[in-house]
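Q: Got a minute to go through this one with me? I'd like to start with the core and then move out to the charged pairs.
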Amino acid sequence: MTHINIASLEVGQVIGTTEFLLTRDSLVRYAGASGDFNSIHYRDDVAAAVGLPGVLAHGMLTMGAAVQVAVDWVGDAGRIADYQVRFTKPVVVDPVDGAVLVVTGKMGAIDAETRLVRIDLTAVFNETTVLGKAQAQVRV
């Protein structure tokens, strides 16, 4: 059972905002964990050669960071029933400063009968939204 009282929830309610610092070290660790060793995630020369603005964070890393706001709110990753995003813009990770991803979660819909709520996530890097239609269905 969750600590969340579904009757107290309101559509539009902000559930939280979190900043994630993604660094080149983060990208290396994520590559090792995921097995995604595409060199656009760690070599500036390769990224430039294929027309990218710089080394990019893995999309799944960005997606995973974003859903953490919903996980922190509900308190258990097992309560995420569904999660989908569209990748709209890349997150370019500076070799010195990294990249700060700011994620905000808002209550998008509430179904008291099924105890499912939709959390709409906004992920912003450099004042640009990088995920579109980022929505997590959460069982409360």
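Q: So how many residues does the largest nonpolar core have, and which ones have the most contacts inside it?
A: Keep in mind that this is a predicted model. The largest nonpolar core has 37 residues. Those with the most contacts inside it are Trp73, Val91, Leu101, Val117, Ile119 and Val138.

Q: Which helices and strands each supply at least two residues of this core?
A: On the strand side, β1 (14–22), β2 (80–87), β3 (99–111), β4 (116–125) and β6 (131–139) each supply at least two, and so does helix α3 (59–74).

Q: And which element gives the most?
A: That would be α3, with nine residues in this core.

Q: Back to Trp73. What is in contact with Trp73 once its neighbours within four places in sequence are left aside?
A: Quite a list: His3, Ile4, Leu9, Ile15, Met107, Val117, Ile119, Val138 and Val140. Val117, Ile119 and Val138 also appear among the residues with the most contacts inside the core.

Q: Staying on α3, where is Asp72 and is it buried or exposed?
A: Asp72 is in helix α3. Its relative accessible area is 49%, so Asp72 counts as partly exposed, given that exposed means over 50%.

Q: What does the side chain of Asp72 make a polar contact with?
A: With the side chain of Gln68, at 2.7 Å.

Q: And how many Å separate the C-alpha atoms of Asp72 and Arg29?
A: They're separated by 22 Å, with the two residues 43 apart along the chain.

Q: OK, salt bridges. How many does a search of the whole structure find?
A: Three. Arg24 pairs with Asp44, with the closest N and O atoms 2.9 Å apart. Arg43 and Asp45 meet through their side chains at 2.6 Å, N to O. Then there's Asp120 with Arg118, where the closest N and O atoms are 2.7 Å apart.

Q: Which parts of the chain does the Arg24 and Asp44 pair link?
A: Distant ones: Arg24 is in helix α1 and Asp44 is in helix α2, 20 residues apart.

Q: Are those two buried or exposed?
A: Arg24 has 16% relative accessibility, so it counts as buried, the cut-off being under 20%. Asp44 is partly exposed, with a relative accessible area of 38%.

Q: What about the other two pairs, buried or exposed?
A: Arg43 is partly exposed at 37%, and Asp45 is partly exposed at 45%. Asp120 counts as partly exposed at 23%, and Arg118 counts as partly exposed at 22%.

Q: Switching to α1: where does Ser26 sit, and is it buried or exposed?
A: Ser26 is found in helix α1, residues 24–34. Its relative accessibility is 16%, so Ser26 counts as buried.

Q: What does Ser26 touch, not counting residues up to four places away in sequence?
A: Leu21 and Leu61.

Q: Last topic, the surface. Which residues make the nonpolar patch of about 330 Å²?
A: Val28, Phe37 and Tyr42 make it.

Q: Where's Tyr42, and is it buried or exposed?
A: Tyr42 is in the loop between α1 and α2 (44–49). As for exposure, Tyr42 is partly exposed, with a relative accessible area of 42%.

Methods
Residues numbered from 1 in each chain as written. Predicted model: local features only at pLDDT ≥ 70, side-chain atom pairs only at ≥ 80, totals over all residues. Heavy atoms only, no water. Core = buried A, V, L, I, M, F, W, Y, C linked by side-chain atoms within 4.5 Å. Buried < 20%, exposed > 50% of the residue type's maximum accessible area, 1.4 Å probe, protein only. Helix = DSSP H or I, 4+ residues; strand = E, 2+ residues; numbered from the N terminus. Contact = heavy atoms within 4.5 Å. Patch = residues over 30% accessible without salt bridge, like charges linked within 9 Å, V, L, I, M, F, W, Y side chains within 5 Å. Areas by Shrake-Rupley, 256 points an atom, 1.4 Å probe, with all protein chains shown as cover. Salt bridge = Lys/Arg side-chain N within 4 Å of Asp/Glu carboxyl O. Polar contact = N/O pair within 3.5 Å; in protein donor to acceptor, adjacent residues only side chain to side chain.
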